[in-house]
Amino acid sequence: MTETKVSASAIRLTQYAHGGGCACKIPPGELEQIVAGLAGGGVRADGAAGSAGGDAPTPPGELLVGLDAGDDAAVVGVRDGLALVLTTDFFTPVVDDSYDWGRIAAANALSDVYAMGGTPVVAVNLLAWPREVLPFELATEVLRGGLDVARQAGCHLAGGHSVDDPEPKYGMAVTGLVDPGQVMRNDAGRPGVPLSLTKPLGVGVLNSRHKATGEVFPEAVASMTALNAEAARAAVAAGVRCATDVTGFGLLGHLYKLARASGVSAVVDAAAVPYLPGAREALRDGYVSGGTRRNLDWVAPHADLSAVSADDALLLADAQTSGGLLVAGEVPGAPVVGELVPRGEHVLVVR
């Protein structure tokens, strides 16, 4: 039976998705089970070579950053002083406004390149659309939002791929450039280095409230559509070589991956972490996504959270969409929210 399209003006996009933004990601623990054994060349769980076999040609360039440490993007060296940064990211609607959703998804996809210290060069669209349910004029607005953010980033946007899908999804595959000597990665953290956070937390709970009530939070939209370009340039200029961005796994989840890969522990000063206006109220009123709770469940066995309340722990695990950079170093204008220390009993300690 064919479903009937509804008027664009009456549509709330978030009601056509089971989850919103990066909160709809596969939980981090489950994702690690899926990709276990796939790092470094496609070895099967039984130890045999992947399907390409031993006669597969050697790829051009050198894989400098792959799957091993859970980094934000892949990096391939192509010649002295030049490497490619490659990433993709897409998700279901996080806000009801189609143009804003496009801008948010584009900024989020570009962020992975910035998190590696790179500059985005070209992107292609990834669009899934319920063509018999939602009008195409909304899809046009989504793509227009993505185009405007790509232009703001100085990044070419050339075509892409679309499919008919029961649930709307949008994002980009992005290719950028980076100096191999200036790559920022998860496994380069060292004890004694401060941790800086370049955007406030809280978009997860605010987006959950928006999905449930329709209430709009302009400061959350402004945060999600802001590019991490300036913060990345400042970090690279300061000699930072370890960073990640804070998205669907929350601050605690992404920091856990960074500290684990670097062989250090991370201490978070909970009082120093900034939040968007209304975030605590949204938490108080119960607007917490399942993704956020799964994030906390994943890191809790590896963390000392005894010094903070359950609410503070949830906010620190809040599933962000297009969040800021978490930098092992100092970035002008960004608050210092903790530090890396020698590996102790817990990988994460919140004080």
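**Strand pairing and overall build**

Strand S7, which covers residues 194–197, pairs with strand S11, residues 325–328, in the antiparallel sense, and three bridges join the two. One of the residues involved is Leu195, whose bridge partner in S11 is Ala328. The model shown here is a predicted one, and what follows should be read with that in mind.

This pair belongs to a wider arrangement, an open sheet of seven strands that run in the order S8-S11-S7-S12-S9-S13-S10, with mixed pairing. At the edges of this sheet lie strand S8 (243–245) and strand S10 (303–304), each of which pairs on one side only.

Stepping back from the sheet, the reader will find ten helices and 13 strands in the protein chain. The radius of gyration of the chain is 20 Å, close to the 20 Å that the globule rule gives for 351 residues, and therefore the chain is as compact as a globular protein of that length. Taken along the principal axes, the box filled by the C-alpha atoms is roughly 55 × 55 × 40 Å.

The contacts and the surface can be considered next. Of the contacts in the protein chain with a separation of 6 or more, 85% are between residues 24 or more positions apart. Buried residues account for 51% of the 351 residues, while the area that the chain exposes is about 15,200 Å², with 53% of it supplied by carbon and sulfur atoms. As for charge, the chain carries 25 positive and 39 negative side chains, and the centres of these two sets lie 1 Å apart.

Conventions
Residues numbered from 1 in each chain as written. Predicted model: local features only at pLDDT ≥ 70, side-chain atom pairs only at ≥ 80, totals over all residues. Heavy atoms only, no water. Pairing = 2+ DSSP bridges. Helix = DSSP H or I, 4+ residues; strand = E, 2+ residues; numbered from the N terminus. Rg over C-alpha atoms; globule rule 2.2 N^0.38 Å. Buried < 20%, exposed > 50% of the residue type's maximum accessible area, 1.4 Å probe, protein only. Contact = heavy atoms within 4.5 Å. Areas by Shrake-Rupley, 256 points an atom, 1.4 Å probe, with all protein chains shown as cover. Lys, Arg positive; Asp, Glu negative; His and termini not counted. Charge placed at Lys NZ, Arg CZ, Asp CG, Glu CD.
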